[in-house]
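Subject: Structure handover

Hello,

Here is the structure I promised to pass on. Please open it next to this message and follow along as you read.

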Amino acid sequence: MLRSTQIFSAGHWPKSGRRATVTLAHHDRHRRRIRLTADDGTAFLLDLAEATVLRHGDGLKLEEGGYIEVQAAPEPLVEVRAGTPQLLARLAWHLGNRHLPAEIHADRILIRDDHVIVDMLKGLGAEVRHTEAPFDPEGGAYGQHNHDPSHPYGLGSRYGKQPHSHDHAHGHGHHHHHGDDDHHH
């Protein structure tokens, strides 16, 4: 059976080396060791040093050569929008305060459907609508080691053991250097 022991972040592996894709829902993308079947039927073993969040566009490097590309499966979500950037930021704070997985964009937030949370958001002035989309939420501070030097946000080693309390959504125009010695928590 084919075997993958390394992950490369989206944009940091050669697309010309793609042998297949594997489409997984969000709850199936936090893995360490599992047998998977690619979309074309190719079976392979994912065998990582520790549980890692697989993100849309990541390349799983096969020991035999080539890559399997991770695709985020569309799933039922709620799209949260706000009339002002300040309100959107407030809504993001309320979601973060409840430790809910959330995918943050400049103009919207995607979350899983939860009628209690949706009612709370509406009460705060949010515009919400049901949608179906791939879900690729923020990594957060809960041991989801998805930080390699080639990751678009460049936040230390993907397999590092340092605590992760910083947010990955730095936005455009904000450049932060995170060297080995400047993780002040």
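**A buried tyrosine and its ring partners**

Tyr67 is buried, with a relative accessible area of 10%. Before going on, please keep in mind that this is a predicted model.

Which residues join Tyr67 in a cluster of ring pairs? They are Phe8 and Trp13. The structure holds two aromatic pairs, and Tyr67 takes part in the one with Phe8 and in the one with Trp13.

Take Phe8 and Tyr67 to begin with. Their rings meet edge-to-face. The centres are 6.0 Å apart, and the planes make an angle of 80°. An angle over 60 degrees counts as edge-to-face, so this pair gets that label. Phe8 sits in strand β1 and Tyr67 in strand β6, so the pair ties together parts 59 residues apart in sequence. Is Phe8 buried or partly exposed? Phe8 is partly exposed, at a relative accessible area of 22%. The cut-off for buried is under 20%, which means Phe8 misses it.

Now Trp13 and Tyr67. This pair is stacked, with 5.1 Å from centre to centre and 25° between the planes. Trp13 belongs to the loop between β1 and β2, while Tyr67 is in strand β6, so the pair connects parts 54 residues apart in sequence. Both Trp13 and Tyr67 are buried.

**The six-stranded sheet**

Strand β6 leads on to its sheet. This is an open sheet of six strands, in the order β2-β6-β5-β1-β4-β3. The pairing is mixed. Which strands form the edges? They are β2 (18-24) and β3 (30-37), and each pairs on one side only. From one strand to the next, the twist averages 30°.

Some of the pairings in detail:

- β2 and β6 (residues 67-72) run parallel and share six bridges. Thr23 stands opposite Gln71 of β6.
- β5 and β6 are antiparallel, with three bridges. Here Lys61 faces Tyr67 in β6, the residue at both ring pairs above.
- β1 (residues 2-8) and β5 (residues 59-62) are antiparallel, joined by four bridges. Ile7 has Leu60 of β5 as its bridge partner.

What connects β5 to β6? The two strands form a hairpin, with four residues between them. In the turn, Gly65 has a positive phi of about 105°.

**The four-stranded sheet**

There is also an open sheet of four strands. Its order is β8-β9-β7-β10, and the pairing is antiparallel. Why is one side of β8 and of β10 left without a neighbour in the sheet? β8 (102-104) and β10 (127-134) stand at the edges, and each has a single partner strand, so there is no neighbour on the other side. The twist averages 30° from strand to strand here.

Inside this sheet, β7 (residues 74-81) and β9 (residues 109-112) run antiparallel and are joined by four bridges. Leu77 stands opposite Arg112 in β9.

Two helices go with these strands. Helix α1 (residues 85-97) lies across β7, β8 and β9. Its direction is at about 30° to β9. Helix α2 (residues 115-123) packs on the sheet and touches β7, β9 and β10. The direction of α2 makes about 135° with that of β10.

If you look at one place, go back to the cluster of Phe8, Trp13 and Tyr67.

Best wishes

Definitions and conventions:
Residues numbered from 1 in each chain as written. Predicted model: local features only at pLDDT ≥ 70, side-chain atom pairs only at ≥ 80, totals over all residues. Heavy atoms only, no water. Pairing = 2+ DSSP bridges. Axes fitted to C-alpha atoms, helices over the stretch in contact; angles between N-to-C directions. Contact = heavy atoms within 4.5 Å. Phe/Tyr/Trp six-rings, centres within 6.5 Å; stacked < 30°, edge-to-face > 60°. Buried < 20%, exposed > 50% of the residue type's maximum accessible area, 1.4 Å probe, protein only.
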